[in-house]
Amino acid sequence: MFSETELLTLTIPLLLGTGAVAGILAGMLGVGGGIVIVPVLFWLAPLLHVDPVLAMHCAVATSLASIVLTSISSARAHYRKGVVDTALLRSWLPSMIIGSALGGFAARFLNGETLGLIFGVVAIVVSIIMVRANPWTLMNDRPIGRIKNAIVSFGIGGFSALMGIGGGTLSVPILSLFSFPIHNAVGTASSFGIAIAASAVGFYVWSGWMLDGLPPGSVGYVNIPAALLISIVSIFTAPLGAKLAHSMPKLALRRVFALFLVVTGVRMIL
């Protein structure tokens, strides 16, 4: 068993490193970084004496809290590149916020194994869509009509909140299915993370309020020290990721995205 000093020596550098990687991925792929943060926090849970029943909920909630600041940094970098579709944001954000809030609420009633399975299966399915040299498309433009747009954005928000991710993991492939150029999809998705994470975090705080078995410094399911350690690094590395994204060919960017998804998805299922 580790002493408190040994735990700090291990976890602080690991969380800072996670923040660095998460920021680069957030900027490069528009994913918010949760695809990396959730597995790391879940792996750390036993070392920090987190109740196994609560470990996945804590990982998801803390990931979402850190994603708020990371996504702001990433979105600003992509906005300066001119690849954020503001019209799409105005159309999708209202339903996406409602979906993410309800996803955060629904997580209260799901066990950790179910959340992990949802995370893994969705990640693998998305990776299959993204890895093809000739990406699948459903139509030549986004859906027409308020109801269709609301359904798509509501689903992205809800599943992203359940998985502890910023929205890009789902919205980038979905936008690609609607023939969005990959760089525009990544840039626009980076802005979704702000709304999804911010609206879901409150419900994770409420649903985990005053529970026993959470690590010190937790407010509900959100562990504040871990979220801050990740964020203070990720906000600086996210612009670097955005710069890298715009220097990569479209196919290479899609396949990097797919690789991270499939590796993470398999690990979470197992």
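Let me start with contacts across the chain, where contact means heavy atoms within 4.5 Å: of those with a separation of 6 or more, 83% are between residues 24 or more positions apart. What we have on the screen is a predicted model, in which local features need pLDDT of at least 70 and side-chain atom pairs count only at pLDDT 80 or more, while totals for chains, interfaces and linings use all residues. Residues are numbered from 1 along each chain as its sequence is written, and side-chain values use heavy atoms, with hydrogens and water left out.

The chain has ten helices and two strands, and these are DSSP runs numbered from the N terminus, with H or I of at least four residues for a helix and E of at least two for a strand. Along the sequence the pattern reads α-α-α-α-α-α-α-α-β-β-α-α. Of the 270 residues in the chain, 54% are buried, where buried means under 20% relative accessible area, exposed means over 50%, and partly exposed is in between, using a 1.4 Å probe and protein chains only.

Let us turn to helix H3, residues 52–81. Its 30 residues should span 44 Å at 1.5 Å a residue, and because the end C-alpha atoms are 43 Å apart, the two values agree; the expected span is 1.5 Å times one less than the number of residues. H3 nevertheless bends by about 35° at Ile 67, the bend being the angle between axes fitted to the seven residues ending there and the seven starting there. Is H3 enclosed or open? Since 21 of its 30 residues are buried, H3 is largely enclosed by the rest of the structure.Next comes the way helices pack. Two packed helices are described by the angle between their axes and the distance between the axes. The axes of H3 and H8 come within 7 Å and cross at roughly 145°, where axes are lines fitted to C-alpha atoms, for helices over the stretch in contact, and angles run from 0 to 180 degrees between N-to-C directions. The crossing of H3 and H8 is left-handed, a word used if the near helix is turned anticlockwise from the far one by less than a right angle, with right-handed used if it is clockwise. Among the residues that make this contact are Leu 64, Ile 67, Val 68 and Ala 75 of H3, and Ser 191, Ile 194 and Tyr 204 of H8. By class, the contact of H3 with H8 has 15 nonpolar, eight polar and no charged residues; here Ala, Val, Leu, Ile, Met, Phe, Trp, Tyr, Cys and Pro count as nonpolar, Asp, Glu, Lys and Arg as charged, and the others, Gly among them, as polar.

Helix H8, residues 182–207, also meets helix H7, residues 168–177, and their axes come within 9 Å and cross at roughly 145°. The crossing of H7 and H8 is right-handed. The residues in contact include Val 172 and Leu 175 of H7, and Ala 185, Ala 189 and Phe 192 of H8. Seven of the residues in the contact of H7 with H8 are nonpolar, three are polar and none is charged.

Within H8 we can pick out one residue, Ser 191. Which residues does Ser 191 touch, not counting residues up to four places away in sequence? They are Ala 75, Val 84 and Leu 89, and Ser 191 itself counts as buried because its relative accessibility is 14%.

After H8, in the loop that leads to strand S1 (218–219), we find Met 210. Phi of Met 210 is near 65°, a positive value in a residue other than glycine, and at 69% relative accessibility Met 210 counts as exposed.

The next helix to look at is H9, residues 224–245, whose 22 residues reach 30 Å from the first C-alpha to the last, close to the 32 Å expected at 1.5 Å a residue. H9 has a kink of about 40° at Ile 235, shortly before the proline Pro 239. The buried residues of H9 include Ala 227, Ile 230, Ser 234, Ala 238 and Ala 242, whereas Pro 239, at 28% relative accessibility, counts as partly exposed.

Where does Pro 239 meet other parts of the chain, leaving out residues up to four places away in sequence? Pro 239 touches Ser 73 and Ala 77, and it lies 5.7 Å from Ser 74, C-alpha to C-alpha, although Pro 239 and Ser 74 are 165 residues apart in sequence. Seen from the other side, Ala 77, which sits in H3, touches Pro 239 and Ala 242, again not counting residues up to four places away in sequence. Ala 77 is buried, with a relative accessible area of 7%, and its C-alpha is 7.7 Å from that of Gly 27, with their positions 50 residues apart in sequence.

I will finish with Thr 18, which is found in helix H1, residues 4–29. Thr 18 has a relative accessible area of 5% and is therefore buried, and, leaving aside neighbours within four places in sequence, Thr 18 is in contact with Val 36, Ile 37 and Val 40.
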